[in-house]
Amino acid sequence: MLSRLICYIKGYLRIRIAGYSTERFLNACRHRGIYLWGLQAVSGAYEMNISISGFRKLKPIIRKTGTKVTVLKKSGLPFYLFRYRKRKLFFAGAFFFVFLIFFMSRYIWNIDIAGNKSRTDETLLEFLETKSVRNGMAKSKVNCQRIVKDIRKEYDDIIWVSASIRGTRLIIQIKENEDSPAVSEDKEHAQEETKEAASPVDIVADKSCTIVSAIVRNGLLQTKIGAKVKKGDVLVSGQVPVNNDAGEVTGYQYHVSDADIIGKAKLKYKDSCSNTYIEKENFDVCKKQYSLSLGNIRFSFGGIKNDYEHFTMYGEQGQLKFFDNFYLPVCWWSREAIPYTPRKKQHDTAEIQQILTERFVRYCEDLEKKGVEIIENDVKIYTGQDESEAKGSLTVRMPIGKAKASRLLEVPKQKEDKGEKTGDEADGNDGNSH
Amino acid sequence: MKTKRQVSAREEHSLKNRLSELSELPKDVVLGIPMLTMVGQMELNIENYRGIIEYTDCLIRIHTKDGQIRICGKNLKVDYYTNDEMKVTGHIISIEYVGLSVPD
């Protein structure tokens with residue numbers, strides 16, 4: 001394929017050799033390094049392809065071998081250009097085209113955002129617009145590092161951003177924080193703070209539950225395994241008492257609590273689904289509209305205006321591009337409106353059960369992704385007249401606790417009564433147990 | 001009766017042959033003998049040849065260092081013809097070595 005293209009660009013001739021010693025002609029060509037291809041014997045003569053430069057060297061060979069050469073066909077770009085040499089507009093157009101491609105390639109014509117799950121492309125594009133990053137801006141004005149910093153600054157849950165330019169395309173790849181963002185952010189934040197100011201951070205229960213297991217890395221455990229805790233109870237305290245020889249509290253060491261606490265809790269589940277649904281019965285008519293836009297100029301053909309009360313609209317959009325990365329400012333749209341009559345229909349019991357079960361299974365899967373283990377499940381489906389419900393509770397083992405700044409305990413007041421209570425614990429646990 | 005030249009050529013041949021066997025160099029390089037590569041019955045690559053003696057669409061005779069190679073077939077075409085290599089396409093029926101000396 002490539003060699004053919006090269007042959008076409010360089011140009012070649014199809015010639016016929018006739019005479020007495022045609023084989024000698026072939027050998028002479030070979031000897032002089034003239035490349036021949038597509039050799040074919042045709043009734044006592046040979047037909048073959050030869051390059052233009054090769055053809056120019058043929059004269060002495062023809063004289064020596066006494067053969068006769070006829071040119072059958074001239075192919076390739078040089079001959080094509082020569083044939084149309086008088087068409088000045090054609091050449092002007094070709095040059096203009098090359099110039100246009102060159103000129104267009106200096107701008108961004110497509111912004112591609114990948115990796116966003118909780119935010120739509122449009123939201124991010126709107127944000128970029130406020131930072132004057134938009135389609136049609138000059139490539140030289142794009143500052144990828146600036147874009148990365150801006151996005152990181154604006155959105156806390158985006159933990160990684162990469163911006164790069166490929167062709168006429170600005171590619172922004174992001175990674176969102178898939179863990180529960182609030183807790184980890186708080187912890188990180190809190191840890192940073194303690195390094196500087198050393199203010200204690202507790203872990204408090206974010207749900208009423210029974211504690212199943214607790215691994216404390218930092219802080220003092222305030223509850224026991226098997227204990228029932230309520231929402232808001234302190235599970236791990238960030239203030240570890242320091243005792244003197246008499247077992248009295250003389251002060252508190254401040255820590256940022258860090259622990260894995262698993263609790264058994266009950267989650268209520270309720271989901272409902274209407275017994276009826278609306279089915280669209282389409283009319284045979286259909287309105288179509290096609291649009292084409294060049295930069296900001298937009299041409300539309302047809303229309304989707306209609307007098308029907310209900311209609312469904314479908315849309316499709318595309319952008320002109322060369323290969324993968326060379327986008328051009330030419331877009332096309334097609335929109336289609338199909339009117340319909342809404343008809344109310346009734347789900348049968350099996351369908352309702354299927355819908356509710358599917359939703360419940362998805363809910364369970366989401367829970368499992370968050371590290372929640374389901375132990376018991378008594379969710380049942382109740383079919384009503386207009387509406388059906390899936391109701392019940394789930395017993396689960398789940399990670400419990402969220403970070404919260406401690407309420408500081410005062411040493412002198414606590415000294416007398418607290419010293420006895422916490423003395424044993426404080427001796428054995430210096431807040432860094434493993 | 002063998003001419004002196006033929007005898008000496010064969011000696012040289014055998015000496016070179018031994019040399020190539022000892023040094024494990026490819027024989028087509030050391031001896032300059034033709035190398036033919038076939039793909040099915042439709043493609044034939046020939047290296048180390050001296051020239052074409054005859055070419056029609058059913059017979060190609062090729063001159064090599066030690067003699068001739070006759071290729072018989074139908075619709076024989078030469079795809080390319082360069083100093084080092086030529087490629088014959090078409091329906092190849094037979095390849096025959098003519099006039100090559102047979103070692104004793």
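Me: Hi! Which strand of chain B do the four bridges from β2(A) go to?
Reply: They go to β5 (residues 68-81) of chain B, and the two strands run antiparallel. Strands here are DSSP runs of E with at least two residues, helices are runs of H or I with at least four residues, and both are numbered from the N terminus. Two strands pair if DSSP finds at least two bridges between them. One thing to know early: this is a predicted model, where local features need pLDDT of at least 70, side-chain atom pairs count only at pLDDT 80 or more, and totals for chains, interfaces and linings use all residues. Residues are numbered from 1 along each chain as its sequence is written, while chains are lettered from A and ligands numbered from 1 in the order in which they are written.

Me: Thanks! What is the bridge partner of A:Trp37 in β5(B)?
Reply: That is B:Tyr80.

Me: And how many residues does each chain put into the contact?
Reply: Chain A gives twelve residues and chain B gives 14 residues, with contact meaning that C-beta atoms, placed from the backbone, lie within 7 Å. On the chain A side, α2 (22-31) and β2 (36-42) each supply at least two residues. The largest share, six residues, is from β2(A).

Me: What classes are the residues on that side of chain A?
Reply: Six are nonpolar, four polar and two charged. Nonpolar covers Ala, Val, Leu, Ile, Met, Phe, Trp, Tyr, Cys and Pro, charged covers Asp, Glu, Lys and Arg, and the others, Gly among them, count as polar.

Me: New topic: what order do the strands take in the three-stranded open sheet of chain A?
Reply: The order is β5-β7-β6, with mixed pairing. β5 (110-114) and β6 (158-166) of chain A each have a single partner strand, so one side of each lacks a neighbour in the sheet. β5(A) runs parallel to β7 (residues 169-176) of chain A, joined by five bridges. There, A:Asn110 stands opposite A:Arg169.

Me: Which helix packs on that sheet?
Reply: Helix α8 (residues 144-154) of chain A, which touches β6 and β7 of chain A. Its direction makes about 155° with that of β6(A); axes are lines fitted to C-alpha atoms, for helices over the stretch in contact, and angles run from 0 to 180 degrees between N-to-C directions.

Me: Last one: which strands are at the edges of the four-stranded sheet, β10-β12-β8-β24 (chain A)?
Reply: β10 (220-221) and β24 (402-405) of chain A, each pairing on one side only. The pairing in this open sheet is antiparallel. Two bridges link β10(A) to β12 (residues 234-237) of chain A, and A:Leu221 has A:Val236 as its bridge partner.

Technical notes
Two residues are in contact if their C-beta atoms, placed from the backbone, lie within 7 Å.
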